Amino acid sequence: MSQGFSIELYFDPALENQVLKAWNVLARRQISTQLIEIESRPHITLFSSPFLDPARLESVVKSFVSKQEPLPLSFSSFGTLPNEKNHLFLAPAPTMALLQFQAQLCEAIKKEGIEIGEEFKADTWIPYCAVAQQVPKTRMAEAFCVLRELKLPVSGYAMDIGLVEFSPVREHFSFGLGNAVEP
């Protein structure tokens, strides 16, 4: 049964591999394997909803990305959200280009009559790339030490947007930024 849908911003191969290195080190140390197990892909979540019709969003996303160019990203820090889920993430520098990109996408979605949740509104959205989920509290310090070993900042580009259903992750569609369609 689906837990929800999200529109995800994907990275160029070199940046994606940098994030995967962190996933793999955390998995080898048996700190967190969940992102690998659910067959996720390194990303920044731009929008998420428990219910939506993928077909309804496909033309909106396709039109939006056709007017966009690859977006520079630089993950310069890491952290955790203040909740009980014990997720760790890499945080991109919150550039005006990234913030406007997400806000414009949500505005296009909103025009289709789809409600934008509070955490995805322009003044509250926090961009991040998950590197670990449900880390045991007793392993959080060790997980932070692993992330400190990364050579930050790691930089690259956001290249694609995809709509996925989770969990496990199943992609409905994806489009390259600036391109009409990807095969």
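What pattern does the protein chain follow, read along the sequence? Color your view by secondary structure and trace the chain from its start: you'll go through β-α-α-β-α-β-β-α-β-α-β-β. That gives five helices and seven strands in the protein chain. Keep in mind as you click around that this is a predicted model.

**Stop 1: the whole chain**

Zoom out before selecting anything. The radius of gyration is 16 Å, close to the 16 Å that the globule rule gives for 183 residues, so the protein chain is as compact as a globular protein of that length. Along the principal axes, the C-alpha atoms fill a box of roughly 45 × 35 × 35 Å. Of the 183 residues, 45% count as buried. Now turn on contacts: among those between residues at least 6 apart in sequence, 79% join residues at least 24 apart.

**Stop 2: helices α3 and α4**

Next, select residues 54-66, which are helix α3, and residues 96-110, which are helix α4. Two packed helices are described by the angle between their axes and the distance between the axes. Here the angle is about 145 degrees and the axes are 10 Å apart. The crossing of α3 and α4 is right-handed.

Show side chains where the two helices touch. From α3, pick L57, V60 and F64; from α4, pick F101, Q104, L105, A108 and I109, which they meet. The residues of this contact divide into seven nonpolar, one polar and no charged.

**Stop 3: N86**

Move on to the loop between β3 (71-80) and β4 (88-92), and select N86 there. Is N86 buried or exposed? N86 has a relative accessible area of 12%, so it counts as buried, the cut-off being under 20%.

Follow the side chain of N86 and you'll find that it reaches the backbone oxygen of V135 at 2.9 Å. Then light up what else N86 touches, leaving aside residues up to four places away in sequence: A132, Q133, Q134, V135, P136, K137 and M140.

**Stop 4: Q34**

Last, select helix α2 (residues 34-37), where Q34 is found. Which residues does Q34 touch, not counting those up to four places away in sequence? They are Q133 and Q134, both of which also appear among the contacts of N86. Put a distance label between the C-alpha atoms of Q34 and A132: these residues are 98 apart along the chain, yet the atoms are separated by 7.2 Å. Switch on the surface to finish: Q34 is partly exposed, with a relative accessible area of 22%.

Terms used. Residues numbered from 1 in each chain as written. Predicted model: local features only at pLDDT ≥ 70, side-chain atom pairs only at ≥ 80, totals over all residues. Heavy atoms only, no water. Axes fitted to C-alpha atoms, helices over the stretch in contact; angles between N-to-C directions. Helix = DSSP H or I, 4+ residues; strand = E, 2+ residues; numbered from the N terminus. Left-handed = near helix turned anticlockwise from the far one by under 90°. Contact = heavy atoms within 4.5 Å. Nonpolar A, V, L, I, M, F, W, Y, C, P; charged D, E, K, R; others polar. Buried < 20%, exposed > 50% of the residue type's maximum accessible area, 1.4 Å probe, protein only. Polar contact = N/O pair within 3.5 Å; in protein donor to acceptor, adjacent residues only side chain to side chain. Rg over C-alpha atoms; globule rule 2.2 N^0.38 Å.
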